[in-house]
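Visitor: Could you take me through a close look at the nonpolar core of this protein, and then show me how it sits in the whole chain?

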Amino acid sequence: AMTDLLNRDADALHRALDGAGDDIQVSVSRETAEWLSRMIDARSRGQRVVVTHGHTEVSPAEAAALLGVSRPQVRKFMDEGKLGFRMVGAHHRIPLESIEAFTAWTRARHHKGMEDLSALQNELGLFE
């Protein structure tokens, strides 16, 4: 199901890229288009886009770069249990899945905060 859809989209992209010209037109699934959009948005904000295999782990410094925060902030998230990690000898390793989960959690928290603010503004009659 999902793999078939991704394979179909990948084939469509490769066929379109095999053609000549700077601009291409291709039809892909909504899910693939949303994924591409997130990558393009990240690049347009100057962020790095990292494509890895399944269970990749990164150092706290690399996690900081991926999250756009300082290394001490990553350590704080780890100490608070907000960012999972494991020890390899004396070194901390953070699974990318943990970074993705943390990012989703902060995004959801931000979204909830915006909804609460909007409700309060409506309640106070600040917006009609």
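**The nonpolar core**

Guide: Happily! The largest nonpolar core has 12 residues: Val58, Ala63, Ala64, Leu67, Val74, Phe77, Met78, Leu83, Ile94, Leu96, Ile99 and Phe102. Such a core is a set of buried Ala, Val, Leu, Ile, Met, Phe, Trp, Tyr and Cys residues joined through side-chain atoms within 4.5 Å, where buried means under 20% relative accessible area with a 1.4 Å probe, protein chains only. At least two of these core residues come from each of helix H3 (60-67), helix H4 (71-79) and helix H5 (96-123); helices are DSSP runs of H or I with at least four residues, strands are E runs of at least two, and both are numbered from the N terminus.

A word on the source: this is a predicted model, in which local features need pLDDT of at least 70 and side-chain atom pairs count only at pLDDT 80 or more, while totals for chains, interfaces and linings use all residues. Residues are numbered from 1 along each chain as its sequence is written, and side-chain values use heavy atoms, with hydrogens and water left out.

Now pick out Phe77: leaving aside residues up to four places away in sequence, Phe77 touches Val69, Lys82, Leu83 and Phe102, a contact being heavy atoms within 4.5 Å.

Stepping back, the protein chain holds five helices and three strands, in the order α-α-β-α-α-β-β-α from the N terminus. Its radius of gyration, taken over C-alpha atoms, is 20 Å, and the globule rule (2.2 Å times the number of residues to the power 0.38) gives 14 Å for 128 residues, so the chain is more spread out than a compact globule. Of those 128 residues, 17% count as buried.

Note on methods
Buried < 20%, exposed > 50% of the residue type's maximum accessible area, 1.4 Å probe, protein only.
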